[in-house]
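Work through the following exercises with the sequence and the structure at hand. Each task is followed by a solution in steps.

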Amino acid sequence: MQKYWTHRAWVEGGWMTDVELTVDPAGMITMIQQDTDCRDSIDLEGVVIPGIANVHSHAFQWSFAGLSEFRTGQRDSFWSWREQMYQSVERLAPEEYYHRACRLYRIMLAAGYTEVGEFHYIHNQPDGQPYPQLEILADQLVQAAVDTGIAICMIPVLYQRGGFDGRPLTGSQQRFQLSTDQLQSLSRHLQSHWGTHPRFRLGLAFHSLRAVDPDTIPAVIEAMTPVMGAAGPIHIHVAEQTAEVAECQSRYGKRPVELLLDTTAVDARWCLIHATHMTEKETNRLAESGAVVGLCPTTEANLGDGLFPAAEFLEAGGRISIGSDSHVAVNPFAELRLLEYGQRLTTHRRAVLCDEERSCGDRLFQDVVQGGARALGHPDTGGIGLNHPANLVVLDANHPALAGCPPERIMDRMVFCQWGNAVRKTMVMGDVVFDRDRFDEFQ
Ligand SMILES: [Zn+2]
């Protein structure tokens, strides 16, 4: 058992003072005591907040971030970006994938993310042929997580067609092709090879309704449930772009979120990535389903996606989480800031996403801590709590964002004030995996 002490910690949605956390050898918090002194404990020397789950990552896109901010035609869009992004991975080899992921995961840990949901859809060789070992790229990502210390929910992605009309995959997209049988054997490998690792869990994803026939989804889930367990999370990109909504409507007579809700039993296991374009009815139905939405505000802004109806969704009781997606920003607080600012810019109001009791920073942070844990398959263990993993982020109390700040406003400072990184130390399941003062050791 290891005991840690901090003068201030964010516990169950609010600040607690003089807190002692007892962490067992498995990295779980077994006791929380308040109003203690630090005599028998290690002083964490800072303000302690829970680690945040980054629910949506494409590690391969990281080194491409910032390299497509120029015109390629009359009207650049998500679709022209996608072509450039495909070209950037044409020659990506397994070893490079590992090194890219290691660098990215270290940046995540330094930003306060303690778990990553890796939405993994490069499965094949550059020419589209399967690798002799189907799992070779997926294993690079898990190995990178294990070596850097970030917890990982590995989410292999089914990708089977080039659009709603069922056209076959061509060109670079052939690297993404996976049959349902291949998905099962890849998942079985991941579970048998990594399943006993305490920081690993397995999920399932459908790339999008563009890339997977919605009628096949229930059968795939049924086939995959014995492999990943009944609590395994299920992710999908949905309704990110208006052209995607229009194409779905013309093929199926329904909008993407509506179609998904009508064809599949969407429940609390699900995480819908983006879900940007929804009607009021879709917004309410999705909130009622218990599913989490995985928002990636910086990427969504960068790609010109549109604005998620956050105020309406939260008002309807919806659950949210955040992801860094294409990694133009790797900063959970920047994502929350942009989420709120998007609402302010369209409604011409301030303090839109707070509620009666809580400020914007307090509310959004707590929502994504809990929603993130749910989205990565371990509901009810988000945040600092009994029998939760000791995923802790220590903030520098002397950082400008915290020094002199009224304690009840610390989270708002973290979200709204862009004054540099206040993260001093990050712990995953009780292990220090990032320490600003010893950063070289973590390179
Ligand atoms: Zn994505």
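The exercises below concern a predicted model.

**Exercise 1. The two domains**

Task: State how the chain is divided into domain 1 and domain 2, and describe the side of domain 1 that touches domain 2.

Solution.
Step 1. Domain 1 is made of residues 2-50 + 385-442, and domain 2 covers 52-375.
Step 2. Taken over C-alpha atoms, the centres of domain 1 and domain 2 are separated by 28 Å.
Step 3. Contact between the domains involves 20 residues of domain 1 and 24 residues of domain 2.
Step 4. On the domain 1 side, α13 (410-416), β16 (423-428) and β17 (431-435) are the elements that give two or more residues. The most come from α13, with 5 residues.
Step 5. Sorted by class, this side of domain 1 has 13 nonpolar, 5 polar and 2 charged residues.

**Exercise 2. The nonpolar core**

Task: Find which residues have the most contacts inside the largest nonpolar core, and which helix gives the largest share of this core.

Solution.
Step 1. The largest nonpolar core has 130 residues. Those with the most contacts inside it are Tyr105, Met108, Ile150, Met154, Val238, Leu272 and Ala275.
Step 2. Helix α2 (residues 94-111) supplies the largest share, 9 residues.
Step 3. Domain 1 and domain 2 each give at least three residues to this core.
Step 4. Take Met108 as an example. Leaving out residues up to four places away in sequence, Met108 touches Asn54, Tyr113, Val116, Ile150 and Val330.
Step 5. As background, nonpolar side chains in soluble globular proteins tend to be buried together.

**Exercise 3. Strand β8 and its partners**

Task: Describe the burial of β8 (residues 151-158), then trace the strands that pair with β8.

Solution.
Step 1. In β8, 8 of its 8 residues are buried. Ala151, Cys153, Ile155 and Val157 point one way, while Ile152, Met154, Pro156 and Leu158 point the other way.
Step 2. Strand β7 (residues 113-120) pairs with β8 in the parallel sense over 6 bridges, and Glu118 has Met154 as its bridge partner in β8. Together with helix α3 (residues 136-148), β7 and β8 form a right-handed β-α-β unit.
Step 3. β8 also runs parallel to β9 (residues 200-202), joined by 3 bridges; here Cys153 stands opposite Arg201. The chain passes from β8 through helix α4 (residues 180-194) to β9 in a right-handed β-α-β crossover.
Step 4. A parallel pairing of 2 bridges links β8 and β10, with Phe206 in β10 as the bridge partner of Leu158.

**Exercise 4. Strand β11**

Task: Name the two strands that pair with β11 (residues 234-238) and say which way its side chains point.

Solution.
Step 1. β10 (residues 204-206) runs parallel to β11 and is joined to it by 3 bridges, with Leu204 opposite Ile234. The right-handed β-α-β crossover from β10 to β11 goes through helix α5 (residues 217-228).
Step 2. β11 pairs in the parallel sense with β12 (residues 270-274) over 5 bridges, and His237 stands opposite Ile273.
Step 3. Ile234, Ile236 and Val238 point one way, and His235 and His237 the other way; all are buried.

**Exercise 5. Cys360**

Task: Is Cys360 buried or exposed, and which residues does Cys360 touch?

Solution.
Step 1. Cys360 lies in helix α12 (residues 360-375).
Step 2. The cut-off for a buried residue is 20 or more other C-beta atoms within 10 Å. Cys360 has 23, so Cys360 is buried.
Step 3. Not counting residues up to four places away in sequence, Cys360 touches Glu340, Ala351, Leu353, Cys354, Asp412 and Val415.

Technical notes
Residues numbered from 1 in each chain as written. Predicted model: local features only at pLDDT ≥ 70, side-chain atom pairs only at ≥ 80, totals over all residues. Domains from an automatic or database assignment. Contact = placed C-beta atoms within 7 Å. Helix = DSSP H or I, 4+ residues; strand = E, 2+ residues; numbered from the N terminus. Nonpolar A, V, L, I, M, F, W, Y, C, P; charged D, E, K, R; others polar. Core = buried A, V, L, I, M, F, W, Y, C linked by C-beta atoms within 7 Å. Buried ≥ 20, exposed ≤ 12 C-beta atoms within 10 Å, placed from the backbone. Pairing = 2+ DSSP bridges. Right-handed = clockwise from strand over helix to strand, strands pointing away.
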